[in-house]
Amino acid sequence: VTSSAACAIPAFATSNVINPSLTATITASISISAAPAVICQGTTVTFSSTVSGTGSAPSYQWLVNGIPTGVTSTNFASSNLSSGDVITCQLFNSDLCVTPSVALSNPIVIFITPPVTQSITISASATTICPGNPVTFTANYSPLTLLSPSFQWIVNGNRVNGATSSSFTTSTLNNGALVVCEFSSQSPCVANPTVTSNQLLITVSQNITPLVTITASA
């Protein structure tokens, strides 16, 4: 600075020195994921966020169909979602060199798997037999798209060891035996995880020894 005053001492003055410090721009981003992958009606779904380039005090806002939920943590959980709902999350940054100041995550579109009702019926090769005759029981279940179907045959309330396939053959039934099959599967969203089939009553007839008599005429 140059002074025009006659008595200025010094007539020329130089200021202090300021060395500017440049801070690199930080790009903020956020992505979200959901678990479980298959969502049943009423299932609680947990959404997690993964962020990068955040400032010193980031904040969050979760949205369903673009409407803020009021949840401002890094995760969001809900059991009231419907098919077609779109979940996103906003990441807010207040630091000067973080851009954008509001980052929006990828969207996750919800698909709710409808509940599955499984059923089983059994049939027998015969329900009236002679002692020692073999009987084959066959199970039919629905829907056929069920994953990992599992069977357990039961005679008179007792589980038959090793009888865990869709058919069961035995030759040791007694009269009045009651046969059922217990069924389950590993399919998701099953409304009734374990079901029991209809009941079959087995009648065992007694062996009859034929008796023949002959007569002769005089």
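A compact globule of 218 residues would come out with a radius of gyration near 17 Å, but the protein has 39 Å. The model behind these values is a predicted one. Along the principal axes, the C-alpha trace spans about 180 × 30 × 20 Å. Buried residues account for 28% of the 218 residues. On the contact side, 60% of the contacts with a separation of 6 or more link residues 24 or more positions apart. As for secondary structure, there are 21 strands and zero helices.

Now to the cores. In soluble globular proteins, nonpolar side chains tend to be buried together. Here the largest nonpolar core holds 21 residues, and the members that touch the most others are I120, F137, W153, L173, V179 and I202. Two or more residues each come from β13 (119-124), β15 (135-142), β16 (150-155), β19 (177-184) and β21 (200-204). The top contributor is β19, which gives four residues to this core. V179 shows what the packing looks like from one residue's point of view: with neighbours within four places in sequence set aside, V179 is in contact with I122, F137, W153, I154, V155, L173, N198, Q199, L200 and I202. Apart from this core lies another, made of 19 residues, with Y60, F76, I108 and I110 among them.

Next, one of the sheets. Strands of a sheet pair through backbone hydrogen bonds, either parallel or antiparallel. In this case three strands make an open sheet, ordered β2-β4-β7, and the pairing is antiparallel. The edges are taken by β2 (29-35) and β7 (75-78), and each has a single partner strand, so one side of each is left without a neighbour in the sheet. On average, neighbouring strands of this sheet are turned by 20° against each other, ignoring direction. Between β2 and β4 (residues 45-52), the antiparallel pairing runs over seven bridges, and A34 sits opposite F47 of β4.

Strand β4 is also where S49 is found. S49 has a relative accessible area of 17%, so this residue counts as buried, the cut-off being under 20%. The S49 side chain gets to within 2.7 Å of a polar partner, namely the backbone oxygen of T74. Leaving out neighbours within four places in sequence, the contacts of S49 are I30, S31, I32, Y60, W62, T74 and N75. T74 thus appears both as the polar partner of the S49 side chain and in the contact list of S49, while Y60 from that list is also a member of the 19-residue core.

Key:
Residues numbered from 1 in each chain as written. Predicted model: local features only at pLDDT ≥ 70, side-chain atom pairs only at ≥ 80, totals over all residues. Heavy atoms only, no water. Core = buried A, V, L, I, M, F, W, Y, C linked by side-chain atoms within 4.5 Å. Buried < 20%, exposed > 50% of the residue type's maximum accessible area, 1.4 Å probe, protein only. Contact = heavy atoms within 4.5 Å. Pairing = 2+ DSSP bridges. Axes fitted to C-alpha atoms, helices over the stretch in contact; angles between N-to-C directions. Polar contact = N/O pair within 3.5 Å; in protein donor to acceptor, adjacent residues only side chain to side chain. Rg over C-alpha atoms; globule rule 2.2 N^0.38 Å.
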